[in-house]
Amino acid sequence: MAGKVALLLWELLVLQVPARALLEGDTVTLRCRGWWDNPITRVRFYKDEKELMESPGGTELSLSPLQLNDSGCYRCRGWLDSGMSQSAPVTVTVHELKPVLMLEGPPELPEGSPLNLSCLSTPSPLRPPAPLLYRFYRDGQLVGGPQGSPQLLVPAVGVSHSGNYSCEVRSEGGAVRKSSTRLGVTVRRVPPSGVSMSVQPPGARVAVGDRLVLSCTVAMGTGPLSFSWHRGGLGSPLSRGPDLELWNLGDNDSGHYQCRVSDGDNVAESVPLNVTVLVPVANATITPGPPALQVCPGDPVTLRCSVQVGSAPVTFTWLHNGHELARGSLLELGAVDVGHSGTYQWSSDKKQQERAPPQLLAFPEEGEVLYTHVMCTKQTGVSPRVTTLQDPQVTYAELPATHGRPQECGDIYGNVL
């Protein structure tokens, strides 16, 4: 009978535990109560048969916030009026809030590309998803969050964004923290390529004394990038920077120009650009000239214009009475007669509006004066801002005969001005 009474005393206490599934971070309180609300004193709680604490005047044990190591077998003991009693053991199981946490993203990407990292987790099936806060770290330093989104987006990465990334998830109260494994991300530089040049004025043909601007661009390449300018393959650069501006150009500035781009490890070059500085024509001469040029009707006449200074190529046009007669520096009239009389003009550019002063080729009737004027002009290309001939070089010969008396052809003389 005494043994039965002792057994009943052990069953007079009850340890109350919430019936729901318990997740880490939850707020949980264990309560030790007596049957029929009998008062209890000197209550003690045990986990896996080890005493946890004594609650003076209290019958509750708080396990908030729950951790995974709070799982175990619990019971309580206390004193009733009839003596000491204890509860039956109760098993408490704490489930992980997020059992799986993983950081996903590209392990390698080129500089300037967007970086998108996702912190993936599997929510517990025991409870609807709870609000969480995400944090992102690179080499242990916070780079994103706290935020409600599980993604980290960097619009354009640089080499400095390389490193070991990880993410952390926390419950709203901060009681639960979970970290992912590290993800190594390497950002590689893009070597320079597709180097090209533009030039003003277009065509890279400029007159002496004009201004020339060259600009260098790259299709691909991440920085920092350095630009240098070279001419004729010389190792020493003319200038540095994406633009090269040359003022008051001279004949010695002609040549092949090239732009080089470097990122410190790689070098790319543009296709060489040929720059031509056009030198104005000077010292024009006509051959044959006086005293060799003595013309009589029926004589063959050939005029040749040449210059000692000037840039090639040059287009020559001969005009007779304002109409185009021939092209080239050589004009062959053949056996001349009265029909060849008129105004002859020579120009280096048919499209120019301004012409050199016209010259006259005339054949006299018997006993009249014979005047022969031959004029030659020549001009090379000029800069786009020039619309008319400037400072034409003119050479002409005047072959007069004495007025009022017949002359033999051998009596004609001339002066070269």
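The following paragraphs lead from the overall make-up of this predicted model to its largest nonpolar core and then to one residue, Val-176.

The secondary structure of the chain consists of 38 strands and one helix. The chain has 417 residues, of which 39% count as buried, and it exposes about 22800 Å², with carbon and sulfur atoms supplying 53% of that area. When contacts with a separation of 6 or more are considered, 60% of them join residues that lie 24 or more positions apart.

The largest nonpolar core holds 21 residues, and those that touch the most other members are Leu-103, Leu-115, Leu-117, Phe-136 and Tyr-165. Two or more residues of this core come from each of strand 11 (100-104), strand 13 (115-122), strand 14 (132-138), strand 16 (151-154), strand 17 and strand 19 (183-188).

Strand 17 (163-171) also helps to place Val-176, which is found in the loop between that strand and strand 18 (177-179). Is this loop residue buried or exposed? Val-176 counts as buried because its relative accessibility is 3%, and the cut-off for that class is under 20%. Leaving aside residues up to four places away in sequence, Val-176 touches Val-169, Arg-170 and Ser-171, and it also touches Glu-24, Gly-25 and Leu-97. A further relation across the sequence involves Glu-96, which is 80 residues from Val-176 along the chain, while the C-alpha atoms of the two residues are separated by 9.5 Å.

Technical notes: Residues are numbered from 1 along each chain as its sequence is written. This is a predicted model: local features need pLDDT of at least 70, side-chain atom pairs count only at pLDDT 80 or more; totals for chains, interfaces and linings use all residues. Side-chain values use heavy atoms; hydrogens and water are left out. Helices (H or I, at least four residues) and strands (E, at least two) are DSSP runs, numbered from the N terminus. Buried means under 20% relative accessible area, exposed over 50%, partly exposed in between (1.4 Å probe, protein chains only). Contact means heavy atoms within 4.5 Å. Accessible areas come from the Shrake-Rupley method with a 1.4 Å probe; for residues, only the protein chains shown count as cover. A nonpolar core is a set of buried Ala, Val, Leu, Ile, Met, Phe, Trp, Tyr and Cys residues joined through side-chain atoms within 4.5 Å.
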